[in-house]
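Please take a moment to look over the sequence and turn the structure around on your screen. Then we can walk through it together, one step at a time.

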Amino acid sequence: MNHASIDNRHRMRALALGTALAVLALPGCTAERAPDARVSAGKAGAALEKGRVDAAIRHAEAAVMAEPRAGEHRVALGAAYLQAGRFHSAAESFAEAMELGEVTPRVVVSRALALAGSNRMTEAHALLAAHADSIDPADLGLAFTLAGDPQRGGAVLQRAMMQGQNTAKVRQNFAYALAMQGEWRGARILAAEDLPADKVGERLEHWATAATSAPQPLRVANVLGVTVAPHDQRPAHLALVNAPSVPMLAAEAAALPRAEPSPSIAVVTTEPEAELPALAAAPVLADRMRAFADVAPPAPVAPAAPPARPAAAASRP
């Protein structure tokens, strides 16, 4: 291939990246797309409040497509995935939202629960430990329990009670943590403080089933009151890695190799000039398929549903 052809390729590649930078930098372009994203996000929140999870996912995905670097839209998408039992997709969406600056306690807890539901207990535990000081003890204790550490979860909840946070939510989450440790006497005493006497046995029976036979992802699903999705594959084009920022594009353009100067004497060749290549697609995420067994009946302890403006997974007794 001659030097002129190589030079043309480099110029076209640089021109394409430069055009992308210019488009992203135009305020008018952002202004045109923002209303569509806001409308989709609003519809997602409304659908989630009504329990229309599939519709919530469609609208939240549309919002992310319209504004891929808006963290709040990825929180909304994570919340919708979480309610659909698509734990792996939810964990990825919450992680991307945090990368974009949405590092609130509810997002952290939601991501931890999604990780635990994906059987990624070590990651869930580490995430909670890193943000423990900012999370409400009632949520933190339950989240640690669902991340496979009921001892630490129980300790967090017990300390909260001793420091005056003696609420029904804390008591019932503490009772659940004790049950997951096999401390049935303490679990019964605490459960009885907030339940009618004829309901205590039923609750303990559910907890006993979870403690002895349910794998950890199903415990998470039971507490959230959702069914684990047998297939969990998020569309690859929604990944944050496929939505580079302006600085990323600028760095890529700067890293392009410089074309060698053309020789002073032209070289004549009969080789046909190759077609200009299409811009390489950004890396796609790995296959996200997950499969679990059928879900057992929901456990009585469950976090609150995410609000319309996405943030999810605070627990309720």
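**Charged pairs, a helix and two rings**

Let us begin with charge: the structure, which is a predicted model, holds 8 salt bridges. Side chains of opposite charge can pair when their charged atoms come close. Three of these pairs make a good tour.

Start with glutamate 96 and arginine 74, whose side chains meet in a salt bridge with N and O 2.7 Å apart. Glutamate 96 belongs to helix α5 (residues 87-99) and arginine 74 to helix α4 (residues 71-83), so this pair ties together parts that are 22 residues apart in sequence. Are the two partners buried or exposed? Glutamate 96 has a relative accessibility of 8% and therefore counts as buried, the limit being under 20%. Arginine 74 is buried too, with a relative accessible area of 1%.

Next, find aspartate 232 and arginine 86, which form a salt bridge at 3.5 Å, N to O. Aspartate 232 sits in the loop between α13 (216-224) and α14 (246-254), while arginine 86 sits in the loop between α4 and α5, so the pair ties together parts that are 146 residues apart in sequence. Both aspartate 232 and arginine 86 are buried.

For the third pair, look at glutamate 92 and arginine 120, where the closest N and O atoms are 3.5 Å apart. Here glutamate 92 lies in helix α5 and arginine 120 in the loop between α6 (105-117) and α7 (121-130), so parts 28 residues apart in sequence are tied together. Arginine 120 has a relative accessibility of 19%, so it counts as buried under the 20% limit. Salt bridges can also share partners: Arg74, Glu96 and Arg234 are joined in this way into one network.

Stay with helix α5 for a moment, because phenylalanine 94 is found there. Phenylalanine 94 counts as buried, at 0% relative accessibility. Its C-alpha is 5.5 Å from that of glycine 78, although the two residues are 16 apart in sequence.

Now for the nonpolar side of the story. Which residues touch the most other members of the largest nonpolar core? Among its 71 residues, they are Phe87, Leu128 and Trp207. If we leave aside neighbours within four places in sequence, phenylalanine 87 is in contact with several residues, including Leu82, Ala114, Pro217, Val220, Leu224 and Asp232. You have already met that last one, as the salt-bridge partner of arginine 86.

Trp207 leads us to the rings. A pair of aromatic rings is described by the distance of the centres and the angle of the planes. The count comes to 1 aromatic pair. Its members are tyrosine 176 and tryptophan 207, with centres 5.7 Å apart and planes at 75 degrees, so the pair is edge-to-face. Tyrosine 176 lies in helix α10 (residues 168-180) and tryptophan 207 in helix α12 (residues 197-212), so the pair ties together parts 31 residues apart in sequence. Tyrosine 176 is buried at 1% relative accessibility, and tryptophan 207 is buried at 0%.

Finally, follow α10 itself. Its 13 residues should span 18 Å at 1.5 Å a residue, and the end C-alpha atoms are indeed 18 Å apart. In α10, 11 of the 13 residues are buried, so this helix is largely enclosed by the rest of the structure. Among those buried residues are Val170, Phe174, Tyr176 and Met180. Just after α10, glycine 182 takes a positive phi of about 85 degrees.

Methods
Residues are numbered from 1 along each chain as its sequence is written. This is a predicted model: local features need pLDDT of at least 70, side-chain atom pairs count only at pLDDT 80 or more; totals for chains, interfaces and linings use all residues. Side-chain values use heavy atoms; hydrogens and water are left out. Rings of Phe, Tyr and Trp (its six-membered ring) pair if their centres lie within 6.5 Å; planes under 30 degrees apart count as stacked, over 60 as edge-to-face and the rest as tilted. Helices (H or I, at least four residues) and strands (E, at least two) are DSSP runs, numbered from the N terminus. Buried means under 20% relative accessible area, exposed over 50%, partly exposed in between (1.4 Å probe, protein chains only). A nonpolar core is a set of buried Ala, Val, Leu, Ile, Met, Phe, Trp, Tyr and Cys residues joined through side-chain atoms within 4.5 Å. Contact means heavy atoms within 4.5 Å. The expected span of a helix is 1.5 Å times one less than its number of residues. A salt bridge is a side-chain nitrogen of Lys or Arg within 4 Å of a carboxyl oxygen of Asp or Glu.
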